[in-house]
Amino acid sequence: MRLIIMPESGSAMRLAAAEIASVMTSCASPVLGLATGRTMEGVYGDLVRLHQKQGLDFSSTTSFNLDEYVGLSADDRRSYHYYMNDLLFRHVNISQTNVHLPNGVAANLAQECADYEQAIRNAGGIDLQLLGIGDTGHIGFNEPPSPFDTRTRCVTLNERTREQNAAMFGGDPQKVPDRALTMGVGTILEAKHLLLLALGSAKADIVARALEGDVTPQVSASAIRLHDRCTVILDEASASALTEQTRRSADFRPR
């Protein structure tokens, strides 16, 4: 695992965007696994800037998002379809036929999950999977406990996760859907490169559990330590609960 600690959140997001751009420019037909949430907003903003100012080309890129709420259509402003279009896709030259998110209103959710897995395989697998980390230690919506061999599936969301995501639902956790479709941990681990980004002091304790605690289905993010090509980018606030031994192993970037 390559651990990089940046001085503050802005520089951490810019570095994450640069890592993604590097994969895009080194692959003829890059396949990106994408994530959502407040942590990713600056990353997508910087990718848009790189496209508009430096010509970063998305025309041959294929994307697969980690997850989507069950019951929200693509045009619902609270859906991850809407989030991705609003923050990234409509600003760059990616083909809509190459954009994939789970369909949360599919008539047959189990078949939708199986088809999503097949679409990833048909694309040749994911070159780089971008990840955040939730308050319960989840990657994607892999709530505890999530075995490390799980595939794309429908899951029930933890109440803490619904509280964490309530801002887009008027601040009311009860309005957050209680189910979602998510790539499984096993699906995520099959990506060629994992890139986890965490920001802020609120993430410090769960980051420490994921990077230094037991590798366990109770903290699905801990599974990234099983991957042979994983980069973790933190700001100093999110790294604040790590032990000195772990911090000494990190690549610190200066202010």
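The expected span of a helix is 1.5 Å times one less than its number of residues. That rule gives a handy check on helix 1 (residues 9–26) of this predicted model: its 18 residues should span 26 Å, and the end C-alpha atoms are indeed 26 Å apart, so the two agree. Much of helix 1 is tucked away, with Gly-10, Ser-11, Ala-12, Met-13, Leu-15, Ala-16, Ala-17, Glu-19, Ile-20, Ala-21, Val-23 and Met-24 counted as buried. What covers these residues includes helix 2 along with strand 1 (2–6), strand 2 (31–34), strand 6, strand 9 (193–198) and strand 10 (230–235). At the N-terminal end, helix 1 is capped by Glu-8, which places a side-chain oxygen 2.7 Å from the backbone nitrogen of Gly-10.

Helix 4 (residues 109–122) passes the length check too: it has 14 residues and reaches 20 Å from its first C-alpha to its last, close to the 20 Å expected. The buried residues here are Leu-109, Glu-112, Cys-113, Tyr-116, Glu-117 and Ile-120. They sit on the same side of helix 4 because they cover an arc of only 140 degrees around the axis. Turned away from that buried side is a face carrying Ala-110 and Asn-122, both exposed. And what does the buried side of helix 4 pack against? The partners are strand 3 (62–65), strand 5 (99–100), strand 7, strand 8 (179–182) and helix 6 (185–189). Both ends of helix 4 have something to show. Asn-108 caps the N-terminal end, with a side-chain oxygen 3.2 Å from the backbone nitrogen of Ala-110. After the helix comes Gly-124, with a positive phi near 90 degrees. For background, most residues other than glycine have a negative phi.

Two residues elsewhere in the chain help to fill in the surroundings of helix 4. One is Phe-64, found in strand 3. Is Phe-64 buried or exposed? Its relative accessible area is 0%, so Phe-64 is buried. Phe-64 touches Tyr-116, Ala-119 and Ile-120, and its other contacts include Val-31, Leu-32, Gly-33, Leu-34, His-100 and Met-183, leaving out residues up to four places away in sequence. Leu-34 is 30 residues from Phe-64 along the chain, yet their C-alpha atoms are separated by 6.1 Å.

The other is Thr-152, which lies in the loop between strand 6 (128–131) and strand 7 (153–156). Being in a loop doesn't leave this residue out in the open: Thr-152 counts as buried because its relative accessibility is 8%, and the cut-off for buried is under 20%. The side chain of Thr-152 makes a polar contact with the side chain of Glu-117, at 2.7 Å. Beyond its neighbours within four places in sequence, Thr-152 is in contact with Cys-113, Tyr-116 and Glu-117, and also with Thr-182, Met-183, Gly-184 and Thr-187. The loop between strand 6 and strand 7 also holds Pro-145. The peptide bond from Pro-144 to Pro-145 is cis, with omega near -10 degrees. As a rule, most peptide bonds are trans.

Next comes the open space. The largest pocket has a volume of about 880 Å³. Of the 37 residues lining this pocket, the closest to its centre are Thr-36, Gly-37, Arg-38, Thr-39 and Asn-165. Helix 2, strand 4 (67–69), helix 3 (80–87) and helix 5 (159–164) each give two or more residues to the lining. Which element supplies the largest share of the lining? That is helix 3, with 5 residues.

Thr-39 deserves a second look. This residue belongs to helix 2 (residues 38–54), and its relative accessibility of 16% is why Thr-39 counts as buried. Setting aside residues up to four places away in sequence, Thr-39 touches Met-13, Leu-197, Leu-199 and Lys-203.

Ser-59 offers a contrasting case, placed in the loop between helix 2 and strand 3. With 40% relative accessibility, Ser-59 counts as partly exposed. The side chain of Ser-59 makes a polar contact of 2.8 Å with the side chain of Asp-57, and further along the sequence Ser-59 touches Asn-93 and Asn-98. The C-alpha atoms of Ser-59 and Met-13 are separated by 23 Å.

Finally, helix 7 (residues 204–212) has Ala-204, Ile-206, Val-207, Ala-208, Ala-210 and Leu-211 buried. These residues pack against strand 1, strand 9 and strand 10.

Notes. Residues numbered from 1 in each chain as written. Predicted model: local features only at pLDDT ≥ 70, side-chain atom pairs only at ≥ 80, totals over all residues. Heavy atoms only, no water. Helix = DSSP H or I, 4+ residues; strand = E, 2+ residues; numbered from the N terminus. Buried < 20%, exposed > 50% of the residue type's maximum accessible area, 1.4 Å probe, protein only. Polar contact = N/O pair within 3.5 Å; in protein donor to acceptor, adjacent residues only side chain to side chain. Contact = heavy atoms within 4.5 Å. Arc of directions from axis to C-beta. 1 Å grid on protein atoms, 1.4 Å probe; cavity = no way out; pocket = protein on both sides within 12 Å on 5 of 7 lines; lining within 4 Å. Points joined across faces, edges and corners; volume = space filled by probe spheres on them.
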